[in-house]
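Trainee: I am new to this structure and would like to take a close look at a single part of it, the aromatic rings and what lies beside them. Could you take me through that part slowly, in one connected answer?

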Amino acid sequence: MSDILLTNINSVEPMFDEPTTVSKPSKRWRLASATTPSFVVLNVQPDAFSGIDQTSLNAMVRKKKVDQLLEAHEVLFDVLSLLWLTLILDTLCAIALATQQPTKDLKEGPPVSQTQPLITNIMWRNILSQAVYQIAVGLTLNFKGESIFHVNEKVKNTLILNISALCQVFNLVNAKKLEKKNKLFWGTTGIAIVLEVVAVEFFKKFGDTERLSWGQWAACIGVAAVSWPIGFLVKYIPFWSCGTAEEVLLGCMSDIFLTNTNSVEPMLDEPTTVSKPSKRRLASATTPSFVVLNVQPDAFSGIDQTSLNAMVREKNVDQLLVAGGVVGVAGALKTDIKNGIGGAVDDVALRQAAFGSNTYQRQPAKSLIHFAVEACKDLTILVLLLCATLSLGFGIKEQGLKEGWYDSASIFVAVLLVISVSTVSNFWQNRQFQRLSKVSNNIKVDVVRNGRSDQQTSIFDIVVGDVVCVKSGDQVPADGLFLNGHSLQVDESSMTGKGGCVEVNSDKNPFLLSGTKVADGYARMLVTSVGMNTTWGQTMSTISGDTNEHTPLQARLHKLTSSIGKVGLAVAFLVLVVLLVRYFTGNTEDENGNQEFIGSKTKVVDMVNSVVRIIEAAVTIVIAAIPEGLSLAVTLILASSMEGMMADQAMVRKLSACETMGSATTICTDKTGILTLNQMEVTKFWLGQDPVEVSSSISTNLLNLIHQGVALNTFGSVYRAISGSKFEFSGSPIEKAILSWAVRKLDMDMETTKLSCTILHVEPFNSEKKRSGVSMRSNADNTIHVHWKGAAEMILAMCSSYYDASGSMKDLDDGERMKFEQIIEGMASRSLRCIAFAHKQIPEEDHGIGVGLKKLKEDNLTLIGLVGIEDPCRPGVREAVETCRCAGVDVKMITGDNIFIARAIATDCGILRPDQGTTSEVVVEGEVFRKYTPEERMEKVGKIRVMARSSPFDKHLMVQCLKQKGHVVAVTGDCTYDAPALMEADIGLCMGIQGTQVAKESSDIIILDDNFDSIARVFMWGRFVHYNVQKFIQLQLTATLAALVINVVAVVSAHEVLFDVLSLLWLTLILDTLCAIALATQQPTKDLKEGPPVSQTQPLITNIMWRNILSQAVYQIAVGLTLNFKGESIFHVNEKVKNTLIFNISALCQVFNLVNAKKLEKKNKLFWGTIGIAIVLEVVAVEFLKKFGDTERLSWGQWAACIGVAAVSWPIGFLVNYIPV
């Protein structure tokens, strides 16, 4: 670098204190901050003063030419202009930025470094790119502006000032992420623009400016708007991410990790090597806060990754034995089987560098260009492009090159706008699905790191060597080996294609494959392969995440569009035949009243031109008949609804569910976590038939049994960092509640209790059995015990004796059993979930085959005690249930709890009335429902409100019965066994917090907050989609029908179309697209909660819609035809103004009809903003685009007449509501 400043060697210090070996580079030294340079070398450029003409300068001084001197020193921006640009506008920009709120992307980046320069290299890149553009524009206009715009110097200077100010505004918007919510930001930006207009147009005396024409304003906005694409494109310019040379060098080294000097420890058991950098560093008072660690390529030299991957995929037990078994592999991976890996940042990064990350290569997403090409394939677009091409040829032929291209250019611009809107909307919808896919794929996994087993980690952060906990319903996150666990059943059908579950254990089959599902049991696994090294990763990398799903509504609309298009095509063909017959029979006249076709006397060129005009008129009729805006409108409304549902805590997995929810008539909901808060706490404890408040009243022997039953018969865990700190509990809500009670109230030490016993066999809890059990051997006396925990009445049925508070065992006869049943019913009636603990000591000879026992003893148990767990109802759930009932949606609660607690919770939530008893047909148990005959089930299923003690099979059976009766059923689920019911239902709703991965993949919508109120809002969104689409159909068909009839009558009577191609595009595509955007920006209204569900069998266009369509279309047709034949005499105008009036009234009728279709609400500013844009565009089209739109400017009186005639749509829309249908 020739412009480097060279300083004395004394200012350079080594980077490290220890001696290092320094290579001999060329003599390059750097400026030290603490010293003054003794000399500077400057590289003088020969053309450094190329801008100076020495001869002219000498002559100017010799001849004392003052004018020439002043001209050379003239400023472009005076003091007032500079104050405006650098103070007033920048103050408004600062206010706009200050009104923003923190965005989500701030959570993703690293902390702000206190040592980085205030102006980063990214900022310099953005500053220079925008500044260079503004300088280029300013200087170009300064020297060539007068000739470019054909204006005087004052107007030129005004243009430069205006463009500079608008560049500031566009650059401000460029610097902010576009968000709809920040109204203060956009308001401040709008104020800045208004002030700029005022400064230019009204303060000419103060600001020394000149008023600009509309064209000049458009040019200024267009030139300034280039700041947007520049801001987008410069992001792809590479830049140095660090300021100093050392930081740049370190940033380029991908295999270097930076750690604090105070926390440097060997990453593995073997010593690490510190690299020796060159002795170059700025002389400063601080010590570097990092050291450089080279990742050793042989850190895991004992592992052959390829062989390890193949061993797990092929399930090669012999090869595993050769490697030393699971323990040998764990040792090679430097993993502690009990405590997992350390989990430090450098350890995780080292493993990712050695074995890869747990991600797979996704197929590239469809680009914007792809959607643009797809939009161009539309038949209507192709026809329009053909029309534009023909119009261009004949226009140039008839009117010359100067004006003959206007009509075709207008069509091309209109087509381009339509393609752009369609492309952007489809691209937006596709990106929404991708974002939702990323959220749904980011599964949380339980890992063991640094001895903690309750750490929730993203599946993408799993590394080789991790110890992962999997349980029923989980997806296996990576390939690995079984470490320990019980009753693990894995569904490998997604990988092998074979049905059924495979048992995984430490003996015969210790292999776990990524992507498979855990059907039952739990285990710990050692991760051996991740990402693209797994079969699952390789398979997923070949699957495209893009969806071409079409909803039933979209399919029906496509069918409707095709039908209308065929009608239009038939009409156009008839008109074509009629016009051709009339032309060739000599029944048509030209503009001068002469007969157009005179047999052989007619020139071939004239005949061809006439035939082409006739064909063009027929094509115009076809264009008028095809409602192409329908598909675009549905896409916009669905995409907007998906975004709104996401904001309401509902993530859509299948697009069709957006609209199906609007047709739901019944919802079968779970209780726990949906109707209740899922915040459980043990509030009652019974030993024998007496409630117990303190542990001191419990005998030591009985207390030990309780500790064993709680600590060993659970998948949960207890963690305490240091003595005296708070306990942390993991597991299901019930397990956490019981563990918290046992630790805090009964002084249980979970780790000590586990060490005192050896677990022999485990039967995990599932929704069918309602209980879990464990057999264990006491290390103290070698005795064997079985512990059961589960639903109180089920455990009670397995018991023949019970313990009282003193620890004495008593027989459980019928009388005593009835007392316990009353205790259980009493707790259930107070909405307490009742859990029972039972125990049995088993002699060695009765234990079967010991450790290999597959079924625990389930009879003659001794009841230890009962606990009552409180789970309060969610706030607002009663109102949400009432909302569903008012909307015609029947709410049924299906729970595994007993009938008493089910009735209590259902009454609290409003599902049951207080007078509905447990003996009625409203509340049944799953077993009773299962035993009904098919005829009885079909008869009673509609009356059932609550099903207690139900299994997943009962839920599935109820969904089938309801669907057979014609109901549209939504069902909630969260466990693996709910998957069949979720898939059977019309809409499967899975809980985002408690739901297993299997349940989520079987669902259509994921409720992210597990709240029933969110489900109620989803119903409203479904109806919102359907009703908004119907509103748009009504608007589109009204405009289509009116334009079609007017054009047909005009062609047949006057031999020319009233609405040309461009006018039709404006009326049926551009304006209707704005209408679709306006409808899509709405929010579900309260009236949606009052009507019945949307019927899936009713026609898409209802009788009420036909009434509204025909009334508005008849009015528009009457107005259009009246003005077509009598408009010139009514308004005393020429034909061109008359046609402009007809076009303007038709467009304004669309706007008024849109407002007519929507309930007037002040809150929806986006809706009214879109309406305002439509009106402004209509004004621009009529007043300023006369050459392109073939329109004439209208007077104030004519505008008032247009608005008045169009406004009649309002009273018509009101009056037709009283016409019976």
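Mentor: Y932 is buried, with a relative accessibility of 15% in this predicted model, and buried here means under 20% relative accessible area. F929 also counts as buried, at 0% relative accessibility. The ring centres of F929 and Y932 lie 6.2 Å apart and their planes meet at 75°, so this pair is edge-to-face, because planes over 60 degrees apart are given that name.

By the rule for pairing rings, the count comes to 11 aromatic pairs. One of them joins F685 and W741, which are also arranged edge-to-face, with 4.8 Å from centre to centre and 65° between the planes. F685 belongs to strand β12, which covers residues 681–687, while W741 belongs to helix α25, which covers residues 733–745, and so the pair ties together parts that stand 56 residues apart in sequence. On the side of the strand, F685 is buried, with a relative accessible area of 6%, and on the side of the helix, W741 is buried as well, with a relative accessible area of 8%.

Rings can also have a charged group placed over them, and two such cases belong in this picture. The charged end of R452 sits over the ring of Y719, at 4.0 Å from the centre of that ring. In the other case, the ring is that of W788, and the charged end of R771 sits over it, 5.4 Å from its centre.

Conventions. Residues are numbered from 1 along each chain as its sequence is written. This is a predicted model: local features need pLDDT of at least 70, side-chain atom pairs count only at pLDDT 80 or more; totals for chains, interfaces and linings use all residues. Side-chain values use heavy atoms; hydrogens and water are left out. Rings of Phe, Tyr and Trp (its six-membered ring) pair if their centres lie within 6.5 Å; planes under 30 degrees apart count as stacked, over 60 as edge-to-face and the rest as tilted. Helices (H or I, at least four residues) and strands (E, at least two) are DSSP runs, numbered from the N terminus. Buried means under 20% relative accessible area, exposed over 50%, partly exposed in between (1.4 Å probe, protein chains only). A charge sits over a ring if NZ of Lys or CZ of Arg is within 6 Å of the ring centre and within 35 degrees of the ring normal.
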